[in-house]
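Biologist: I am new to this structure, so please pick a single part of it and take me through that part closely. I would like to know where it sits and what surrounds it.

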Amino acid sequence: MMAQLEPINLPDVEWSLLAPEMILIGGAMALLVAGTFRRDRTMAAAACIFTVAVAVAAMVASWGIWADVGGGAGGARLAIADAVVVDGFAIFFTVVICTAVALGALLAHGYLKQERLEASSFYVLVMLSASGGVLMAKANDLILIFLGLEILSIALYVLAGYHQRREQSREAAIKYFVLGSFSSAFFLYGVALTYGATGSTNLGFIAEFLATQTVTGGVLLGGFAFLLVGLGFKVAAVPFHMWTPDVYQGSPTPVTGFMAAAAKAAGFAALLRIFYSAFGTEQLDWQPIVWALSVLSMVVGSVLAVVQTDVKRMLAYSSISHAGYVLIGLQAANDRGIAGSLFYLLAYTFLIVGSFATVAIVARKGDDRTGLDAYRGLARDRPGLAFAFTVFLLAQAGVPFTSGFLAKFYVISAAVEARSYAIAVIAMLASVVAAFFYLRLIVVMYMAEDQAMAGVGPETSAAAAATGDGDGTGTGDGGVATAVVTRVEIPVAAAIAIGLCLAFTVGAGLLPQPVIDFARHATLLRL
Amino acid sequence: MSESLPILTLLVVIPALGAAVVALLPGGNERLLKLVGVVFAGVALALAVALIFDYQADGGGFQFVSEHVWIRSFGISWKLGVDGISLFLVALTGVLFPLAIIGPEVHRDVKGYVAWMLLLEAGCMGVFLSLDLFGFFLFWELVLVPMYFLIGGWGYDRRIYATLKFFLYTMVGSALMLVGILAVVFLHQQATGVLTFDVVTLAETQSLASSTARWLFLAFAASFAIKVPIFPVHTWLPDAHTEAPTGGSVILAGIMLKLGTYGFLRFGLYLFPQAAVDLAPVFLTLGTIGIIYGAVVAIMQKDLKRLVAYSSVAHLGFIVLGTFGLSQQGLEGGVLQMVNHGLSTGALFFLVGMIYERRHTRLIAELGGIQRVAPVFAGVFMVVMLSSVGLPGLNGFVGEFLILIGTFVTHRWWAVVATAGVILAALYLLWAYQRVFHGQAEGANASFPEMTMRERAIMAPLVALIVVLGVYPQPVLDRIAPSVRELITHVEEHSDYRQPAAAAGTAER
């Protein structure tokens, strides 16, 4: 009996193409071991520097592969029995996610020290979740995407609850975990339905199948729908956004920054690859759904952000609306749209990490001064920090000479090129609504030294009294914020992170051609 | 000026550089900060004056064009150029900014004030000089940010409300315009295969269906109309003007309102001639309503600054009338009137600011009899006010007269109604002058200080320009006319509009 079993054919593994993931996982393992031996201050600093080095090494490694796949000029390589595809697109996302790791690590150092949290396992989790994200970007098989999704998510669930002593942090972790598992189940069901309709989970096979066969019936459509739900949850698109404000607000602020950047990027990597590349022939079926998701995300995200009085929640809603803008690129379903989405995600990574870096600094010890009041007069106490935050906010609002403007310009130009004028107009109008709350925060920082404010003063003090708009997460941030405010401390590592974000935001706003070229040449393998 | 000196680029870059320098200086020394600010703005003014002298008066096309590829994959270039329409607006920008930097008292954070002012100057220059739709839009949006901070940071009591209203109103317009810009560019690409944001190429080689062109024109016009502002989207203006600090009001009225009227000329008429011709009656009507409505509301105002603000609505109505009257004289008058309005309303806002500094009120009812205690102040105010009324011999008359003549030939009844606005302007301004300056000075008004030397130095160039342009506007008109003629020819070539022979004559002699 035993002898009759056929030997399992193990596929060849092209390790060199997997170098970035290997570096991230290897780094995580090494730090995990090292962390058990020493747990003092030097170790915390060393772990931070090590994580940044690992992220940079992973980026350098992917740069090597970039040349290998023809500088992104369409020379994609398939690996491990076609389960992995290495193309410019995958490398672009590797760079985005590794950037988030490096910036997130810089940001976390001061925070962990200040909150007296154990450092090395934090960085281990960050690197592990990043490896999952990178895997999602490279996966050419729905099963592998699911694998990457879970690696990414499980580490993030733990990170969300990393500040165990804070109730909000624990609550965020549970919420994220329960809803996240739910969405993973949706995704898996979508995989199953797609498999049922096409006979494979391999994206290349699916694309070929759909190009040659006519698929009727609702099974494939059901597959689309469930895959969209699962990934829509990860990228926080309306109506799958319910978790976002609570989790963003409750998680330790550096985690929020990392999560907002990396999880969104990874989710979009999978979303763009599955729909634009594998389901490209069925464009007419999914385009209207993506249109609706995009419009809903932009409008709901912007409008709900306006009524927030907690800056973390406000940024959470704004990140929901950003997801809507990235979806415009997918909806346009042309090369400019995909490049626009990529540009948007890269610009957004720097913007959101920079923003949350500021939030983390202003939140001070205890990580709970996140109400609008905490920002009152920041321009006077910390002009540099206030200036940087202003640039990040204006960039998110889409003001010229910043990367944020070009990001919006890029995706909207793709929509106009595809003659989707309606979504372009809606996007621009939503950005006006969004401008309102970014400006309101700037008003508080710059113009609210006295109480003579017309629109903002009464609102924020009312908010301080209401503490966290009734969903039980905010606990008296108003009371703390109105206490005598001491000048905030800016940790060196966080200052470096903010400086890098600022440099990119302004640099890519003034001379965007290299970044645009990177996004344009990050070609997605059309299957 | 050597050929190699990129004078237009310098006009944009030098103020921006100045903003950066001021931002890096320590904040304590107010005199030094203002000095540095005024040096940079002064260099820009010198360049603008040099530009006028170097400008070939008889050439109607774009001069000093400098073009560099900026974002290759979108066909975007850094393209600047100047013609008779933008030339004097650039000069006006050069004149008003140094005055707005040193002129008014700045009560807090001089450093921030000067830095934002210089950045604003760079943005305004960029709007007037850009010949690339992308660059134009960038600068168009960019000017919002410094003005937002200037009103919000240095304004009066309801400044936060006013500045948010200003920002959001203008952004709604820009939102539609960006979609319009992209649509123009991509429709052009789909028709010709060339992806470019260059205005000249787009205007000369596009072929839009007339209904498409009309929509696109409206997308642009929404943005311009809000900026001008044209009735009924003018409601942000009184608040923004009233709450802005003096320097902010001067720039807002003097320069930023012109961005809208300039936009209509450079992009509205130039890119969508047929649509502009088709929709001209709509804008003529709105312009005329603005003239009458602005004047009537101005008559009612109790607050001197608000009165001046509403008078802007009326004056800008004339410029809209001249623009959409589509006659040689009307357009010449419109361009000239943009400069005139900048000078006279800018000067009026300076004076209202000076009154507020002395009396801490702008209410007309609380002022009175100032002529007796401060005759020079009253005299200057009167000259400026009469220029705004449109008294012959001062600059306001020339522009309004040309606009009304030109429009009378092409669109008679609108011109007839609009002429009533001239009378109303005399009513509200003279009445206001009478209440503020005539009579007995009582209470605090009795000790109203006379104009200081510094204030006289600020007002002198403005009054001089008001008189010179009123007495001898010919050199200015000589430079405006060829460009206006080219624009009208362009409109005639690309639409079914034909200018009546009577309107084609120019103010050139």
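Modeller: Happy to! A residue is called buried if 20 or more other C-beta atoms, placed from the backbone, lie within 10 Å of its own, exposed if 12 or fewer do, and partly exposed in between. By that rule B:Ala19 is buried, because it has 23 C-beta neighbours inside 10 Å. This is a predicted model, in which local features need pLDDT of at least 70 and side-chain atom pairs count only at pLDDT 80 or more, while totals for chains, interfaces and linings use all residues. Residues are numbered from 1 along each chain as its sequence is written, and chains are lettered from A and ligands numbered from 1 in the order in which they are written.

B:Ala19 belongs to helix 1 of chain B, so let us make that helix our part. (Helices, H or I with at least four residues, and strands, E with at least two, are DSSP runs numbered from the N terminus.) Helix 1 of chain B covers residues 7-24, which makes 18 residues. From first C-alpha to last it reaches 25 Å, close to the 26 Å expected at 1.5 Å a residue, where the expected span is 1.5 Å times one less than the number of residues. There is a kink of about 25° at B:Val13, shortly before the proline B:Pro15; the bend is the angle between axes fitted to the seven residues ending at a position and the seven starting there.

What keeps B:Ala19 company? Setting aside neighbours within four places in sequence, B:Ala19 is in contact with B:Ala115, B:Leu118, B:Leu119 and B:Ala122, contact being C-beta atoms, placed from the backbone, within 7 Å. B:Ala122 lies 103 residues away from B:Ala19 along the chain, yet their C-alpha atoms are separated by 8.9 Å.

B:Ala19 has buried company in helix 1 of chain B, including B:Leu8, B:Leu11, B:Ile14, B:Pro15 and B:Val22. The buried residues of this helix pack against helix 2 (30-54), helix 3 (84-102) and helix 4 (110-129) of chain B, and also against strand 1 and strand 2 of that chain.

Let us meet some of these partners. Strand 1 (residues 63-71) and strand 2 (residues 76-82) of chain B pair in the antiparallel sense over six bridges; pairing calls for at least two DSSP bridges. B:Ser66 faces B:Leu80 across this pair. The two strands of chain B form a hairpin with four residues between them, and B:Gly75 in the turn has a positive phi of about 65°.

Helix 3 of chain B is mostly covered, with 18 of its 19 residues buried. Its end C-alpha atoms are 29 Å apart, which agrees with the 27 Å that 19 residues should span at 1.5 Å a residue.

Stepping back to the wider setting, 26 residues of chain B are in contact with 30 residues of chain A. Helix 5 (133-142), helix 6 (144-154) and helix 7 (159-192) of chain B each supply at least two residues to the side that touches chain A, and helix 7 gives the largest share, 14 residues.

Finally, how confident is the prediction? Chain B averages a pLDDT of 89, and 98% of the residues score at least 70; pLDDT is the predictor's confidence in each residue, from 0 to 100. The model scores ipTM 0.85 and pTM 0.88.

Note on methods: Two residues are in contact if their C-beta atoms, placed from the backbone, lie within 7 Å.
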